[in-house]
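Trainee: Please take a close look at a single part of this model and explain what surrounds it. A plain account will do.

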Amino acid sequence: MAGEADTDGPRALVWTIPNALSALRLLGIPLFLWLVLVPEADAWALAVLMVSGVTDYLDGWLARKLDQQSVIGQILDPVADRLYILAVVVGLALRDIIPWWMAVSLPLRDLLMWGLVPLLRTRGFSALPVHFLGKAATANLLYAFPLLLLGDGDGTVATLAEVFGWAFAFWGIGLYWWAGVLYTWQVHRLMQTTERRPARPRSDG
């Protein structure tokens with residue numbers, strides 16, 4: 001999440017290669033859910049997740065390399081991450097691969113974050129900069145769930161994938177919530193130290 005953009009920051013670009021990759025990731029979400037829940041084609045579902053991970057890296061790298069950083073890109077990228085995590089946890093929970101408490105805990109944390117946005121807007125901010133903990137948590141979760149899906153099978157590889165998947169999952173959830181607590185504290189401090197920005201007058205036109 002990023003704060004207010006300045007004149008040297010992201011621009012109002014739409015048709016860029018990084019944004020196209022982010023849109024491709026979003027299109028892969030319903031495909032992933034269908035593969036996991038209907039034919040239970042786990043190998044293909046894992047392939048979709050791998051493509052998502054590659055495009056997640058590429059869109060950020062290309063945005064910097066091609067100087068195509070944009071406001072819409074700053075929105076699409078984290079939205080795609082959150083929706084992928086939500087799709088994966090719902091799919092795995094419906095398959096009884098992970099417990100429902102785990103599937104519910106992640107959206108609850110995101111609801112907390114969204115609930116803070118109106119408070120930030122009273123101080124003239126749309127969001128605060130992303131903390132390293134949040135990035136580390138997302139990285140752990142993006143490793144965890146493909147491994148847990150791979151671990152839903154037999155053999156040595158499946159057993160190892162399940163062990164490492166649960167390790168990444170617990171670390172990811174812990175860091176995800178810790179980052180949320182830290183973010184909430186930052187918003188609390190901002191509310192105490194920053195004056196309320198006057199509301200913009202509504203035009204009658």
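**A close look at Arg25**

Mentor: Arg25 lies in helix α1, which covers residues 17–37. Keep in mind that the model is predicted. Arg25 has a relative accessible area of 2%, and because buried means under 20%, Arg25 counts as buried. Its neighbours within four places in sequence are left aside in what follows. Arg25 is then in contact with Ser52, Thr55, Asp56 and Asp59, and also with Asp77, Ala80, Asp81 and Tyr84.

One of these contacts, Ser52, can be followed further. Ser52 is placed in helix α2, residues 42–65. With a relative accessible area of 8%, Ser52 is also below the 20% limit and therefore buried. Not counting residues up to four places away in sequence, Ser52 touches Arg25 and Tyr84. Tyr84 is also on the contact list of Arg25.

Helix α1 has a part in the surface as well. A nonpolar patch there is formed by Leu31, Trp34, Leu37, Val38, Leu94, Trp100, Val104, Leu108, Leu111 and Trp114, with about 1,000 Å² of accessible area together. The elements that give two or more residues to this patch are α1 and α4, the latter being residues 100–121. Helix α4 provides the largest share, five residues.

Leu94, another member of the patch, is found in helix α3, residues 71–94. Leu94 has a relative accessible area of 48%; exposed means over 50%, so Leu94 is classed as partly exposed.

How values were computed: Residues are numbered from 1 along each chain as its sequence is written. This is a predicted model: local features need pLDDT of at least 70, side-chain atom pairs count only at pLDDT 80 or more; totals for chains, interfaces and linings use all residues. Side-chain values use heavy atoms; hydrogens and water are left out. Helices (H or I, at least four residues) and strands (E, at least two) are DSSP runs, numbered from the N terminus. Buried means under 20% relative accessible area, exposed over 50%, partly exposed in between (1.4 Å probe, protein chains only). Contact means heavy atoms within 4.5 Å. Patches are made of residues with over 30% relative accessible area and no salt bridge: like charges are joined within 9 Å, nonpolar side chains (Val, Leu, Ile, Met, Phe, Trp, Tyr) within 5 Å. Accessible areas come from the Shrake-Rupley method with a 1.4 Å probe; for residues, only the protein chains shown count as cover. A salt bridge is a side-chain nitrogen of Lys or Arg within 4 Å of a carboxyl oxygen of Asp or Glu.
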